[in-house]
Amino acid sequence: MARKKITKAVIPAAGFGTRFLPQTKAMPKEMLPIVDKPVIQYIVEELVDAGIEDIILVTGYHKRTIEAHFDGPSTDLIENLKMGGEKKKHLLESVQKISEMANFYYVRQKGPYGNGTPLMNVRSIVGDEPFIYTWSDDFIMASPTRFRQLLAAYEKHGYSCMASVRAKSDEDYDRYGFAGGTELEEGVIDCDVIVEKPGKANAPSDLANVSGFLFTPDIFQYLDQVMADLKPGNEFYYNDALKLMLEDKKHVLAVEIKNGKYYDTGNKLEYMKTQVEFALRDPEMSGDFRDFLKEIKF
């Protein structure tokens, strides 16, 4: 059955990026570059590739540079690049393209601490439509892309979907949430339980939930329930709403993103690993950079 096209995505980007201080005192962690492109642009480009037209960024007062990045380039920058002639023509085209990729909307985050708050902040914009909810500092490079795979699963089953990857180490079981339930097909679990950081011995499967979601609009009524029961000082998590959905026998799928690799740029070590790997892929510098790495002596 053909379903309504999903055109909206929400990206929470209001955090302070304390793991990267003092760098993030002035620059949002979402704007940290991977070679020559900020992390958040990789996520936006992937969304656009999957057909997303409206991208809603939930930000804080200290995230003006994100808004500036997705605005059109300044007149001064355009003139500077034009003066470079053919040598800088590709740079001019690339910066002009950024603001034209999608319709960008900015919402200031307000409410209790936790990853459920950005969802409540965009409720009136999203409306009664399914939408993608994805982080601003991690992603999965896959073919087809993770969002295309999530959209395909939604088109087939009509349920909320969680992007998932197979655990690769014992440590993964202490870092992520894991789904358990009935396997509808290879790599797709109809969940009856989601366990946060269960440890390998207690994990319901090896399918870790990371890096993005496709939510049906009924997520909001369950977020309302969580908010109503939230005690002062407690954090407001979307995961609590998912658990209520499962208690009500609502379907939530864990969808393995196949043919892909997960990158978490939210901590320094994984960020540096990502930086090096992407630099080695860059056609303009990969050879020289590879030679440089070989020359390093410790």
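**Exercise 1. Salt bridges**

Task: Determine how many salt bridges the model contains, and describe what the pair of Asp-137 and Lys-29 ties together.

Solution. Take as a salt bridge a side-chain nitrogen of Lys or Arg within 4 Å of a carboxyl oxygen of Asp or Glu; by this rule the count comes to 20 salt bridges. The structure is a predicted model, in which local features need pLDDT of at least 70 and side-chain atom pairs count only at pLDDT 80 or more, while totals for chains, interfaces and linings use all residues. Residues are numbered from 1 along each chain as its sequence is written, and side-chain values use heavy atoms, with hydrogens and water left out.

Turn next to the salt bridge between Asp-137 and Lys-29, whose closest N and O atoms are 2.9 Å apart. Asp-137 lies in the loop between strand E6 (131–133) and strand E7 (138–142), and Lys-29 in the loop between strand E1 (8–13) and strand E2 (33–34), so the pair ties together parts that are 108 residues apart in sequence. Helices (H or I, at least four residues) and strands (E, at least two) are here DSSP runs, numbered from the N terminus. For accessibility, buried means under 20% relative accessible area, exposed over 50%, and partly exposed in between, with a 1.4 Å probe and protein chains only. On that scale Asp-137 is buried at 13%, whereas Lys-29 is partly exposed at 22%.

**Exercise 2. A second pair between distant parts**

Task: Locate Arg-175 and Asp-264 in the chain, and decide whether Asp-264 is buried or exposed.

Solution. The closest N and O atoms of this salt bridge are 3.5 Å apart. Arg-175 belongs to the loop between strand E8 (160–166) and strand E9 (177–185), and Asp-264 to strand E13 (residues 260–264), so the pair ties together parts that are 89 residues apart in sequence. Arg-175 is partly exposed, with a relative accessible area of 37%, while Asp-264 is buried at 15%. Elsewhere, salt bridges that share partners join Lys-4, Lys-8 and Glu-129 into one network.

**Exercise 3. The surroundings of Ser-136**

Task: Establish which polar partners the side chain of Ser-136 has.

Solution. Begin with its place, which is in the loop between E6 and E7, and with its relative accessibility of 4%, at which Ser-136 counts as buried. A polar contact is a pair of N or O atoms within 3.5 Å; within protein, one must be able to donate a hydrogen and the other to accept it, and residues adjacent in sequence count only if both atoms are side-chain atoms. The side chain of Ser-136 makes such a contact with the side chain of Glu-30 (3.3 Å), and a polar atom of the Ser-136 side chain lies 3.3 Å from the backbone oxygen of Pro-12.

**Exercise 4. Strand E1**

Task: State which strands are joined to E1 by bridges, and in what direction they run.

Solution. Two strands pair if DSSP finds at least two bridges between them. Six bridges join E1 to strand E4 (residues 54–59), and these strands run parallel; here Val-10 stands opposite Ile-56. Two bridges join E1 to E6, again in a parallel arrangement, with Ile-132 in E6 as the bridge partner of Ala-9. Finally, consider burial: six of the six residues of E1 are buried, with Lys-8, Val-10 and Pro-12 covered on one side and Ala-9, Ile-11 and Ala-13 on the other.
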